[in-house]
Amino acid sequence: MKTLVLGGYGNFGARICRALAQDPLIELLVAGRDAQRAQTFADALGGSARGVAIDIAAHDFPRALAALGVGLVIHTAGPFQAQGYAVARAAARAGAHYIDLADGRRFVCDFPAALQDSFAAAGRVAITGASTVPALSSAVIEHLSEGWQALHAIDICIAPAQTAPRGRATLAAVLSYCGKPIDIWRDGTWTQAPGWATPTHVRFKRLQPRIGALCDIPDLELFPARYRVRDTVMFRAALEVGATQRAFAGIAALHRAGLLPRPERLAGLLDRVSALADPFGTALGGMVARIDGLDAYGRPACRAWHIATDDDHGPEIPCMATILLARRFATGEALMPGAYTAAGQLQLNAFAPEFAKWGMVTDVEDEPRPC
């Protein structure tokens, strides 16, 4: 399958390209605005990979995409919080399948309704959110709750390593909701809380405890209905250096006070200065997901899944679902034509070889209640 990776030499695109370049079922096109950078990176990959220049913001992007004759478009050029669906629609018109790494809440949650007709008519499949959320997070929740009678609460926290590559687009996405009101399912009703404010302590199996703060991601909206959660769905991010976490809380406070209308404009500055905190952190990151509810016997229970990743390999995790789905498309295995979120598209055991490849360690534990 001829596969085009948009943003192919970027932070996440490059990782996906490295994983797919040697697959005999995939003809890889590394795409970006800079033809020379795309080709140089493609040459370094070996195999049949080649670079192409294409700009998703150009007026002739749909025509340029159609001319390439690709079977699959992988969109990694975030942040997605401020994007529409032009790239996905162009893929449908070009007769290609589509996968993206979006974690923008509105982008992911509104995607199926907006694009179902386009991809169904084209006889192709589009999947959004093929990243840590909601692809991996949903796989974890379904693994933990298998056989359970009821879910009362879901609490997830990601914990990036301080020294892992960050990227301006990732920071812009994070800052876009810093201090802004976020709709959350809490105590059985919809309410609001500010993003990145009021950090709270989070426990991990193989990491030191950290303080984590609310992030606006698709799971907050998808999971209450998908898993019939009675009480609460929470998602936090916990930075390794506490001072950095508190700095984000300070930015959130400034925004709420009306003194910083657009925090995302600080992305470039924070990307440049964030390395100053590296001596106080490590290359160890991870994630934890906890569920509370009634187990298969109707007994109150709490269960947690942990992953720890060393050597700054954490950024590989957001790429894994896209890699797995791309390989599935290349073998001819696909869903019914249409547009879907990545929630429930992959089982947790499908990720196991990828975790092992990067030396990542996972644990599942029954914990004392309350979680």
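Trainee: Across which strands does helix α6 (residues 132–144) lie, and at what angle does it run to β13?

Mentor: Helix α6 lies across β7, β12, β13 (285–294), β14 (300–309) and β16, and it runs at about 45° to β13. Helices (H or I, at least four residues) and strands (E, at least two) are DSSP runs numbered from the N terminus. Axes are lines fitted to C-alpha atoms, for helices over the stretch in contact, and angles run from 0 to 180 degrees between N-to-C directions. This is a predicted model, in which local features need pLDDT of at least 70 and side-chain atom pairs count only at pLDDT 80 or more, while totals for chains, interfaces and linings use all residues. Residues are numbered from 1 along each chain as its sequence is written, and side-chain values use heavy atoms, with hydrogens and water left out.

Trainee: How should I read a sheet, and what is the strand order in the open sheet with mixed pairing?

Mentor: Strands of a sheet pair through backbone hydrogen bonds, either parallel or antiparallel. Here two strands count as paired if DSSP finds at least two bridges between them. The sheet with mixed pairing is open and has 7 strands, in the order β10-β11-β12-β7-β13-β14-β16. Its edges are β10 (200–202) and β16 (361–366); each has a single partner strand, so one side of each is left without a neighbour in the sheet. From one strand to the next, the twist averages 25°.

Trainee: In which sense do β7 and β12 pair, and over how many bridges?

Mentor: The pairing of β7 and β12 is parallel and extends over 6 bridges. Within it, Ile 158 stands opposite Ala 237 in β12. Helix α9 (residues 242–256) lies across β11 (210–214) and β12, running at about 20° to β11.

Trainee: How is a salt bridge recognised, and which residue forms one with Arg 236?

Mentor: A salt bridge is a side-chain nitrogen of Lys or Arg within 4 Å of a carboxyl oxygen of Asp or Glu. The structure holds 19 of them. Arg 236 is bridged to Asp 155, with the closest N and O atoms 3.0 Å apart. Since Arg 236 lies in strand β12 (residues 232–237) and Asp 155 in strand β7 (residues 150–159), the pair ties together parts that are 81 residues apart in sequence.

Trainee: What is the strand order in the open sheet whose pairing is parallel?

Mentor: That sheet has 7 strands in the order β3-β2-β1-β4-β5-β6-β15. Strands β3 (50–53) and β15 (338–341) are at its edges, each pairing on one side only. Neighbouring strands are turned by 20° against each other on average, direction ignored. One pairing joins β5 (residues 97–100) to β6 (residues 125–128) over 2 bridges, and Tyr 98 stands opposite Ala 126 in β6. Helix α5 (residues 105–122) packs on the sheet and touches β5, β6 and β15 (contact means heavy atoms within 4.5 Å). The direction of α5 makes about 165° with that of β15.

Trainee: How does one describe two packed helices, and at what angle do helix α4 (residues 86–93) and α5 pack?

Mentor: Angles under 35 degrees count as roughly parallel, over 145 as roughly antiparallel, 65 to 115 as roughly perpendicular and the rest as oblique. Helices α4 and α5 pack at about 15°, with their axes 9 Å apart, which means that α4 is roughly parallel to α5. The contact involves Ala 88, Arg 89, Ala 91 and Ala 92 of α4, and residues of α5 including Phe 111 and Leu 115.

Trainee: At what angle do helix α3 (residues 61–68) and α4 pack?

Mentor: The angle between α3 and α4 is about 40°, and their axes are 9 Å apart; α3 is therefore oblique to α4. In this contact, Phe 61, Pro 62 and Leu 65 of α3 meet Val 87, Ala 90, Ala 91 and Arg 93 of α4.

Trainee: Which peptide bonds and backbone angles deserve a look, and what is the form of the bond from Gly 78 to Pro 79, cis or trans?

Mentor: The bond from Gly 78 to Pro 79 is cis, with omega near 0°; Pro 79 lies in the loop between β4 (72–75) and α4. Val 133 and Pro 134 are also joined by a cis peptide bond, with omega about -5°, and Pro 134 is in helix α6. Arg 228, a residue other than glycine, has a positive phi near 50° and is found in the loop between α8 (219–226) and β12.
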